[in-house]
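Work through the exercises below with the sequence and the model side by side, and try each task before reading its solution.

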Amino acid sequence: MIFFKKKEKKDSGDDIPIDLKADSGAPAENQQREIAARQGEAIPPLKELLYDALVKGAEKTMLDYSRDAVTGTYLIDGVWHNTDPRDRETGDAMLVAIKLLCGMNPDERRARQEGKFMVEHKVTKAKFLGKVTSQGVKTGERVIIEVRPKKFKGFKSLDDLGMREQMQERLREHMRAEQGIVLIAGPPGGGFTTTWNVALNSTDRLLRDFVGLEDKHHHETDVENINMTLFDGAAGETPDQIIQKIMLTQPDVLTLADLCNAATVNKLCQLANAPKEGKLIIAGVRAKDAVEALLRVLLLKASAPDFAEAVRAVLCVRLIRKLNDTCKQPYPPPPQLLQKLGIPPGRVQALYREWQPPPPDPEEEKKKKKKALPPGACPLCELEGPLCHGIFYRGRTGIFELLEVNDELREALVKKPQLEVLRNIVRASGHRGLQEEGILLVARGLTSLNELQRVMK
Ligand SMILES: [Zn+2]
């Protein structure tokens with residue numbers, strides 16, 4: 001009897017401090033969805049999964065349904081990590097429950113479906129917005145669950161993103177200019193959207209009139225006080241067709257998250273270069289570094305002389321994970337390594353890396369077997385938080401490259417727009433690229449060489 005009572009309690013999932021709620025229907029509908037979702041008794045394992053994801057700070061949880069199993073992966077600070085697989089029976093029941101909670105059709109396992117739900121912490125009462133996307137794939141079905149705080153505390157300022165004050169000041173100077181083009185560059189998924197928004201947030205858009213252009217299918221800009229005009233890229237509309245119209249309002253600054261064709265670049269250059277009443281243009285480019293961003297614009301077959309005249313600066317960014325302070329491990333850097341990194345001898349006493357277990361000692365091994373750590377745990381963080389959950393990294397910061405375009409570079413953009421030529425000019429001017437900026441972060445002990453290698457790949 002006692003056994004059954006215990007089991008009953010555990011199966012209700014009461015020991016997990018979150019509640020899952022329907023959120024996308026009318027109140028009566030939501031209530032029905034919650035009742036329906038509870039029928040299959042899969043709410044406890046679902047809560048367990050989502051709570052684990054929340055604790056570990058996962059931005060996304062991906063479930064892949066194949067014939068025999070359900071594999072799970074978490075996206076944490078931009079990197080996918082495996083979690084325990086589920087058997088099909090449990091996994092299927094969980095999927096039915098979450099689909100019912102979201103008002104999705106549990107029988108539909110091929111066509112793409114989207115739904116919303118809510119997570120509430122029982123103790124803190126904090127609310128989290130949940131989003132589910134399901135879609136049939138070759139091997140079965142793929143489900144992505146995103147859970148984020150209702151009051152989202154993302155990067156808001158250049159400080160939050162880790163840009164040093166001196167670089168912020170130089171960037172602000174370009175953003176305050178009356179005319180010219182400032183480019184913001186990053187690889188897709190590597191921090192472009194974050195930096196785009198943080199950079200726009202740091203402009204003087206309360207003092208000047210900002211207008212923005214954006215493809216309605218590629219939402220990037222989430223900044224107040226920018227008057228957005230949307231165009232339909234999928235229907236063949238391009239920004240150049242509407243620039244004229246939006247300039248009738250006489251704005252001071254125009255933003256466009258993606259320079260997509262030569263006609264657009266040429267129009268923007270004309271606006272930026274106009275002798276009187278020139279405009280400031282802030283535009284996005286998908287590129288790995290600042291020099292590549294300049295070349296990408298030219299590769300659209302835009303007018304090189306006009307572009308070279310207009311462009312003032314390129315800000316390039318890469319997000320990099322920070323080592324967890326609790327468990328990061330110092331090591332004396334070999335002199336050859338410091339030399340290779342260009343760090344003067346004596347400047348840095350220790351570099352840091354992910355915690356690595358000491359070489360196994362047979363006696364210790366015996367003891368350890370008795371109190372084995374759960375998989376994915378970190379022995380140092382277990383003793384003293386904050387926890388890294390065996391990932392050894394926590395949170396991210398930005399690596400920035402700010403390339404200010406000088407006359408020599410302008411001339412080369414017109415006469416010899418080749419990667420190596422441009423790189424040599426930039427290097428000779430003493431400019432620090434992403435790699436060098438990243439090494440500074442390693443030297444400061446914020447991140448590891450492994451991580452720098454990963455993000456620069
Ligand atoms: Zn740790």
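**Exercise 1. Describe the aromatic pairs of this predicted model, beginning with the one inside a helix.**

Phe192 and Trp196 are four residues apart in helix H6 (residues 192–201), so about one helical turn separates them; helices here are DSSP runs of H or I with at least four residues, strands are runs of E with at least two, and both are numbered from the N terminus. Before going further, note that the model is predicted, that local features need pLDDT of at least 70 and side-chain atom pairs pLDDT 80 or more, while totals for chains, interfaces and linings use all residues. Residues are numbered from 1 along each chain as its sequence is written, and side-chain values use heavy atoms, with hydrogens and water left out.

The next step is the surroundings: Phe192 is buried, with a relative accessible area of 3%, and Trp196 is buried as well, at 0% (buried is under 20% relative accessible area, exposed over 50%, partly exposed in between, with a 1.4 Å probe and protein chains only).

The second pair consists of Trp355 and Phe392, which lie 6.4 Å apart centre to centre with 40° between the planes, and is therefore tilted under the rule that rings of Phe, Tyr and Trp (its six-membered ring) pair if their centres lie within 6.5 Å, planes under 30 degrees apart being stacked, over 60 edge-to-face and the rest tilted. This pair links distant parts of the chain, 37 residues apart: Trp355 sits in the loop between strand E15 (351–353) and helix H12 (362–370), and Phe392 in the loop between helix H13 (379–383) and strand E16 (393–404). Both Trp355 and Phe392 are buried.

**Exercise 2. Determine how many disulfides the model has, and examine its cysteines.**

With a disulfide taken as a pair of cysteine sulfur atoms within 2.5 Å, the count comes to zero. Cys260 is in no disulfide, and the nearest cysteine sulfur, that of Cys269, is 14 Å away. As for exposure, Cys260 is partly exposed, with a relative accessible area of 34%, whereas Cys378 is buried, at 1%.

**Exercise 3. Place these details within the whole protein.**

The secondary structure comes to 17 helices and 16 strands, and the C-alpha atoms fill a box of roughly 90 × 60 × 40 Å along the principal axes. Of the 457 residues, 46% are buried. Finally, among contacts (heavy atoms within 4.5 Å) with a separation of 6 or more, residues 24 or more positions apart account for 65%.
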